Amino acid sequence: MTDYTVKVALPQQHSLTDLTDLDQFKTGGFAVGYPADTRTFYSPVDDLHGALLAVMQCARKELIVAMFGFDDEELASVIKEKLSDPACFVQLTLDKSQAGGVHEKAILAQEDYPSSSVAVGSSEHGRIMHMKVMIVDGVWLVTGSTNWSDAAEKLQDNELTIRYSPIEANEARIRIAHIHSHMLGGKPGQSP
């Protein structure tokens, strides 16, 4: 029997096999010899939103986000989807000065996330938690100056770096876990 099934990769089922999958979001492409484990994008010339969305959508087991604040509706929608997925652990760490936004309120309004943790607060020193970090499945690390907003992604001068680095992703995860635990009322150094 012949199989006539047509396989179409849907955006929400995006699979990131290596960083060259993200090259489509770089205006003018990457230079020959660019490191295979790193991709850096700059707004307003590159498609930072597209790169962020592609990486976030490929989360299957774990999505760790430490974000100063955001108002990107599409990214917020993916976070809500992942928070509601019992197969994907989500740890969302938000700064309290920014958590009153429309998208943050929508995420925080739903309290029963099956296997996730959401914390809102400030740094261990009572200051803002200013990170803009995402870790996907323990191997993809997203950092940079970019807040997740239309202005930051498309109008302002910002940088976004995506690395395939389990070691750096783990280092960032440990640091974010300390901040997250602090926001939940834990003692410094205590994991959530």
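Is glutamate 168 buried, partly exposed or exposed? Glutamate 168 is partly exposed, with a relative accessible area of 32%. That's the warm-up; keep in mind that the model is predicted, and let's work through the rest.

**Exercise 1. Work out which residues pair up in salt bridges, and how accessible the partners are.**

Step 1. Start with the total: the structure holds six salt bridges. Three of them are handled below, beginning with glutamate 168.

Step 2. The partner of glutamate 168 is arginine 163, with N and O 3.9 Å apart. The cut-off is 4 Å, so the pair counts as a salt bridge. Arginine 163 is partly exposed at 23% relative accessible area.

Step 3. Now take aspartate 23 and arginine 39, whose closest N and O atoms are 2.6 Å apart. This pair links distant parts of the chain: aspartate 23 is in the segment before strand E1 (38-43) and arginine 39 is in strand E1, 16 residues apart. Aspartate 23 counts as partly exposed at 25%, whereas arginine 39 is buried at 6%.

Step 4. Finish with glutamate 124 and arginine 175, where the closest N and O atoms are 2.8 Å apart. Glutamate 124 sits in the loop between E4 and strand E5 (132-136) and arginine 175 in helix H5 (residues 166-183), so the salt bridge ties together parts 51 residues apart in sequence. Both ends are partly exposed: glutamate 124 at 25% and arginine 175 at 37%.

**Exercise 2. Explain why cysteine 58 and cysteine 88 don't form a disulfide.**

Step 1. Look at the sulfur of cysteine 58: the closest cysteine sulfur is the one in cysteine 88, 9.9 Å away.

Step 2. Compare that with the cut-off of 2.5 Å. The sulfurs are too far apart for a bond, and the disulfide count is zero.

Step 3. For the surroundings, check burial. Cysteine 58 is buried at 7% relative accessible area, and cysteine 88 is buried at 0%.

**Exercise 3. Describe the aromatic pairs by their geometry.**

Step 1. A search of the whole structure turns up three aromatic pairs. In phenylalanine 30 and tyrosine 34, the ring centres are 4.6 Å apart and the planes are at 55°, so this pair is tilted. Phenylalanine 30 is buried at 18%, while tyrosine 34 is partly exposed at 30%.

Step 2. Move on to tryptophan 140 and tyrosine 164: their ring centres are 4.9 Å apart with planes at 70°, so the pair is edge-to-face. The two come from distant parts of the chain, tryptophan 140 from strand E6 (residues 140-144) and tyrosine 164 from strand E7 (residues 158-164), 24 residues apart. Tryptophan 140 is buried at 6%, but tyrosine 164 counts as partly exposed at 39%.

Step 3. Then look for a cluster: ring pairs link Phe30, Tyr34 and Phe41.

**Exercise 4. Sort out the two faces of strand E4 and find its pairing with E3.**

Step 1. Split E4 (residues 116-121) by face. Ser117, Ala119 and Gly121 make up the covered face, and Ser116, Val118 and Val120 the uncovered one.

Step 2. Bring in the neighbour: strand E3 (residues 89-95) pairs with E4 in the parallel sense, over six bridges.

Step 3. Pin down one bridge. Aspartate 95 has glycine 121 in E4 as its bridge partner.

**Exercise 5. Place threonine 38, helix H1 and alanine 76 in their surroundings.**

Step 1. Threonine 38 lies in strand E1 and is buried, with a relative accessible area of 14%. Its side chain makes a polar contact of 3.0 Å with that of aspartate 37. Setting aside neighbours within four places in sequence, threonine 38 touches Leu19, Thr161, Ile162 and Arg163.

Step 2. Next, helix H1 (residues 48-57): ten of its ten residues are buried, so the helix is largely enclosed by the rest of the structure. Among them are Leu48, His49, Met56 and Gln57.

Step 3. End with alanine 76, which is in helix H2 (residues 73-83) and buried at 2%. Alanine 76 and tryptophan 148 are 72 residues apart in sequence, yet 9.2 Å apart in space, C-alpha to C-alpha.

Definitions and conventions:
Residues numbered from 1 in each chain as written. Predicted model: local features only at pLDDT ≥ 70, side-chain atom pairs only at ≥ 80, totals over all residues. Heavy atoms only, no water. Buried < 20%, exposed > 50% of the residue type's maximum accessible area, 1.4 Å probe, protein only. Helix = DSSP H or I, 4+ residues; strand = E, 2+ residues; numbered from the N terminus. Pairing = 2+ DSSP bridges. Salt bridge = Lys/Arg side-chain N within 4 Å of Asp/Glu carboxyl O. Polar contact = N/O pair within 3.5 Å; in protein donor to acceptor, adjacent residues only side chain to side chain. Contact = heavy atoms within 4.5 Å. Phe/Tyr/Trp six-rings, centres within 6.5 Å; stacked < 30°, edge-to-face > 60°.
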